[in-house]
Amino acid sequence: MLWRYAVILLITLLTGCASTGDWSSDVPTRQDPRASNAKRVNLKNQSVSDLYAPSSNLWIRIRDGFEMEPMNTPLEIEQVRWLSARPDYVHRSMARSSRYLFYIVQEVNARKMPTEIALLPFVESAFVTHAKSSAKAMGLWQFMPATGKDFQLTQNVFRDERRDVLQSTDAALDYLQRLHKQFGSWDLALAAYNWGAGNVSKAQKRNLAAGLPTDYLSLKMPNETRNYVPKLMAYRQIVLDPKAYGIVLPDLENHPYFVAVDVGSDIDVALVIKLSEIPEDEFHSLNPSFNKPVILSNANQQILLPFGHAEVFQENLKKYTKPLSSWTAVQVTKTESVEQAAKTLGVDADTLRAVNGIPKSMRIRAGSTVLVPKTSQRPGDISVALAENGSLSLDKSAPKNCAKGAKCAVAKSGKGTSKGNSSANNAATQHKSASTGLAKSAKNVSSNASSSTPKTSASKGASKIQ
């Protein structure tokens, strides 16, 4: 009950806090249909009583929403045994989930989906927000580049919304609902989420031609997909009765872990961390989509802060009188080396290379967007056009001994953090999971995901989250 009194105290304090300038909580924000689903606390006058639920235990709420039938197949039993034999691995992923589960359950409930779906990130990423598979799937829900593009998840130099907690959750649930409507069952929808809708349809057609059933258990599929739903069902069994498997679930209270704060002006990541008084790894765990050291106001972005730190951030921001951001962005007009571009832009070459992640011996192609320090000549916030469409393309520099005008071999250009460029067909037919089947590695993972990108393997259903 203590948290209830803390929340009431917080709201009482917040009602007297009137923010100033662009960061005021009553400033109208651009409407993004994906972001509008996020549960927010208005830092000025909104009550959070509508976020309360009858139970103070989130696990009870999750169990109450279970709708899928256990398979009770040897594969499911094997998955339960594997997880129950590794309580430390399960507990670490459960502890990581504590930041995100309330929000995900809220969204699943709002769509009247079974709450088993809220457990899917355990299978996909073990709730590591920076998880990256060998097939380049990213985030809690492991979106492939083209699938993310299909669901309007921005992937550019400034952010990758496949890692964004709010945006990727909304897109994943959209995707799953689309697949459920197409196939008529959650088992097949999940199979399609992992294997691709086109592959599931083809497998059904083969069975129909052979006079065989077309349900999940009857289809011929890769081992990764064959183990996919059984693994989700194994997590379901553990959440349903953890004591039976020697698992202790972490305490999860049934209230928001974080608050979404709209961005009214460009602001440095380091400054947000300082003003909100949270550890750096905690910030990056909640805000893993930001690729650069500045958060843009012209990108429909929200900053997620732990519930009790929103007021701290607001109060410290009101007192802060220095510039909020020290970075801006420019578009390079011609293809040139980092040293040449730095000279043209009047910035330090090492700084330009480091902040934009440009390897040595690479040239910046014309039309690329690069981040540079703000100056009196470049004082403003980054424009909407660059915030939404900024891309970085690189060329291999010509060999030093290549005579001017000679035809020297130059490697093909490499894309930096640009928008996903896989085909739309792949987006509709394939989704690679990072963590399915029997995990081969359960190395110790910190409960706070670091800002580095852990790599996961999507091959043959083997999880390698490290």
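In this predicted model, the side chains of strand β5 leave the strand in two directions, with Gln-302, Leu-304 and Pro-306 pointing one way and Ile-303 and Leu-305 the other, and all of them are buried. Such a pattern fits the general rule that in a regular strand the side chains alternate between the two faces of the sheet. Because five of the five residues of β5 (residues 302-306) are buried, the strand is largely enclosed by the rest of the structure. Its partner is strand β2 (residues 258-262), which runs antiparallel to β5 and is joined to it by five bridges; within this pairing, Val-261 stands opposite Ile-303.

The loop between β4 (294-295) and β5 contains Ala-299, which counts as buried at 1% relative accessibility. Although 141 residues separate Ala-299 from Phe-158 in sequence, their C-alpha atoms are 9.2 Å apart in space.

**Helices and their covered faces**

Strand β2 also takes part in covering helix α5, whose buried residues pack against α2 (58-64), α4, α6 (120-124), α8 and β2. Helix α5 (residues 101-110) is mostly covered, eight of its 10 residues being buried, and these are Leu-101, Phe-102, Tyr-103, Ile-104, Val-105, Gln-106, Glu-107 and Val-108. The helix is followed by Lys-112, whose phi is positive, near 60°.

Helix α3 (residues 74-84) has Glu-76, Gln-79, Val-80, Trp-82 and Leu-83 as its buried residues. Seen down the axis of α3, these buried residues fall within an arc of 165°, so they line one face of the helix. Pro-74 and Arg-81, on the other side of α3, are exposed. The cover over the buried residues of α3 includes α4 (87-97) and α12 (228-240).

**Nonpolar cores**

In soluble globular proteins, nonpolar side chains tend to be buried together. Here the largest nonpolar core has 71 residues, and those with the most contacts inside it are Leu-101, Trp-141, Leu-176 and Tyr-193. Helix α8 (residues 165-183) contributes the largest share of this core, namely nine residues. Another core, of 28 residues, lies apart from it and has Val-294, Met-362, Ile-382 and Leu-392 among its members. Leu-101, one of the residues with the most contacts inside the largest core, is also one of the buried residues of α5.

**Salt bridges**

Side chains of opposite charge can pair when their charged atoms come close. The count for this model comes to 14 salt bridges, including the three pairs set out below.

| Salt bridge | Closest N to O distance | Relative accessible area |
|---|---|---|
| Glu-161 and Arg-159 | 3.2 Å | Glu-161 1%, Arg-159 3% |
| Glu-315 and Lys-318 | 3.7 Å | Glu-315 24%, Lys-318 36% |
| Asp-381 and Lys-374 | 3.7 Å | Asp-381 36%, Lys-374 23% |

The pair formed by Glu-161 and Arg-159 has a buried acid, Glu-161, and a buried base, Arg-159, both falling under the 20% cut-off for burial. In the second pair, by contrast, Glu-315 counts as partly exposed, as does Lys-318. Glu-315 and Lys-318 both lie in helix α15 (residues 310-319), three residues apart, about one turn of the helix. An α-helix has 3.6 residues a turn, so residues three or four places apart point the same way. In the third pair, Asp-381 is partly exposed, and Lys-374 is likewise partly exposed. Beyond these pairs, Arg-111, Asp-170 and Asp-174 are linked in a network of salt bridges.

**Loop residues with positive phi**

Most residues other than glycine have a negative phi, and against that background two loop residues deserve mention. Lys-136, which is not a glycine, has a positive phi of about 70°; its place is in the loop between β1 (132-133) and α7 (145-150), where Lys-136 is exposed, with a relative accessible area of 54%. Glu-277, again not a glycine, has a positive phi of about 55°, and its place is in the loop between α13 (269-276) and α14 (280-286).

How values were computed. Residues numbered from 1 in each chain as written. Predicted model: local features only at pLDDT ≥ 70, side-chain atom pairs only at ≥ 80, totals over all residues. Heavy atoms only, no water. Buried < 20%, exposed > 50% of the residue type's maximum accessible area, 1.4 Å probe, protein only. Helix = DSSP H or I, 4+ residues; strand = E, 2+ residues; numbered from the N terminus. Arc of directions from axis to C-beta. Contact = heavy atoms within 4.5 Å. Pairing = 2+ DSSP bridges. Salt bridge = Lys/Arg side-chain N within 4 Å of Asp/Glu carboxyl O. Core = buried A, V, L, I, M, F, W, Y, C linked by side-chain atoms within 4.5 Å.
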